[in-house]
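Work through the exercises below with the sequence and the model open. Try each task before reading its solution.

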Amino acid sequence: MGVARRVYQGAMLSVYVDLALGLAVSFLLLSLLVSGLNEAVVRLLSIRSKFLWAYLRDTLDGADLNGSWLPARVRDVFTRLPFLRDPRPRYSDLPAPPEAGVVPDPRAKADDAVIKLLYERVREIDHAKRGRTSIADIPPGRFSVAVMELATSEDGDVERFLAKLKAADSPLYGHLKGVWETAQRDLGRFRQGVETWFDGEMQRLSLLYKRYVKWVLAVLSLLVTLVFTMDGLEYAKTLLRDNAFRASVTAVSEAGPDAYSELKAQCAGADPVHCVTETMSRPALVRMLGQALVSVSFPEQGGPSVEWNGSSWWNRLMTPSHWPGFLLTYVALLFGAPFWWDVLRRVTGIRSRR
């Protein structure tokens with residue numbers, strides 16, 4: 001009797017482990033799809049690059065007549081920043097001039113005088129994107145070297161360089177003045193101080209960027225949930241009741257330690273469609289997405305077929321009994337792909353490579 005009970009308990013434990021695997025795989029792939037869609041939008045609109053240069057314009061030249069260059073609201077990140085006010089400098093394929101330019105006289109200062117001086121020093125790492133710079137990241141060490149090059153353009157007199165920044169009403173003056181005083185007017189320590197300060201600013205900017213983007217991910221998660229009408233509760237019941245289906249889904253998780261990096265490369269790269277057509281074309285996952293507004297089937301022979309499910313999709317969407325499952329899926333997607341990969345890794349025992 002005790003042996004039979006242990007066998008039964010072991011079988012039930014296996015079922016629940018398979019259930020956890022199936023849900024983790026499903027939520028992982030849908031989360032990667034959300035990340036891929038977000039990445040596609042960000043790359044198409046060059047959000048990261050514009051976000052960086054909006055900050056640099058505020059820091060180096062200050063706000064213009066239209067106010068701060070950095071967006072104040074989430075909506076501005078995807079409306080004003082991409083379409084109405086492009087803060088990026090014009091692209092130039094010329095190498096950096098042998099000598100750095102000098103801060104112009106305040107009477108001749110343009111709105112982008114200092115930003116142009118900085119761009120001249122870093123444009124060796126640039127390539128054009130619709131006539132604008134595509135630089136989305138400036139290493140702190142490279143920024144500090146650029147500042148030192150600008151400072152030495154004043155015959156190595158940092159005090160004179162700071163005085164010109166102050167006269168030009170550049171907000172950079174206040175930051176560099178504090179670093180210069182902290183470095184006790186030592187050029188080596190000043191360069192290190194500028195690097196440390198800029199590194200801290202980039203971390204703060206990254207947190208601000210993530211705070212804006214998380215709302216976009218929330219919207220995309222809702223859209224993916226509704227477009228695919230993924231009922232997490234219904235799917236869990238199917239996994240529990242259908243042994244063959246549960247086995248086919250959990251088999252997806254047996255790809256080994258490199259599975260996440262491969263999925264991430266496909267789903268969060270430049271072509272999220274590749275993720276859908278390749279990764280989600282496995283029979284078990286096609287069944288999971290069979291209730292989508294547009295379903296795709298992949299027969300063993302011939303090309304994929306696309307079917308419009310507008311009527312059944314709308315009926316499913318308007319059925320209150322599915323709403324708790326939709327909510328479960330939506331909340332699950334908010335955790336993100338790294339969370340579900342970690343769950344999958346812990347359940348399967350896959351170890352990350354060091």
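**Exercise 1: a salt bridge across a loop and a helix**

Glu124 and Arg142 form a salt bridge, with 3.9 Å between the closest N and O atoms. The two residues belong to distant parts of the chain, 18 residues apart: Glu124 sits in the loop between α5 and β1 (128-129), and Arg142 in helix α6 (residues 140-152). This is a predicted model, in which local features need pLDDT of at least 70 and side-chain atom pairs count only at pLDDT 80 or more, while totals for chains, interfaces and linings use all residues. Residues are numbered from 1 along each chain as its sequence is written, and side-chain values use heavy atoms, with hydrogens and water left out.

Task: Is Glu124 buried, partly exposed or exposed?

Solution.
1. Recall the terms: buried means under 20% relative accessible area, exposed over 50%, and partly exposed in between (1.4 Å probe, protein chains only).
2. Glu124 has a relative accessible area of 48%, so Glu124 is partly exposed.
3. Arg142, at 23%, is partly exposed too.

**Exercise 2: a second pair**

Task: What is the distance between the closest N and O atoms of Asp86 and Arg132?

Solution.
1. A salt bridge needs a side-chain nitrogen of Lys or Arg within 4 Å of a carboxyl oxygen of Asp or Glu.
2. For Asp86 and Arg132, the closest N and O atoms are 3.9 Å apart, and the pair forms a salt bridge.
3. The partners are 46 residues apart, Asp86 in the loop between α4 (80-84) and α5 (113-122), Arg132 in strand β2 (residues 132-133). Helices (H or I, at least four residues) and strands (E, at least two) are DSSP runs, numbered from the N terminus.
4. Asp86 is partly exposed at 23%, whereas Arg132 is buried at 16%.

**Exercise 3: a pair within one helix**

Task: How many residues apart are Glu201 and Arg204?

Solution.
1. The closest N and O atoms of this salt bridge, Glu201 with Arg204, are 3.2 Å apart.
2. Glu201 and Arg204 are three residues apart in helix α9, which means that about one helical turn separates them.
3. Glu201 is buried at 14%, whereas Arg204 is partly exposed at 44%.
4. Elsewhere, Glu159, Lys177, Glu181 and Arg185 are joined into one network by salt bridges that share partners.

**Exercise 4: the total**

Task: How many salt bridges does a search of the whole structure find?

Solution.
1. Side chains of opposite charge can pair when their charged atoms come close.
2. The search of the whole structure finds 14 salt bridges.
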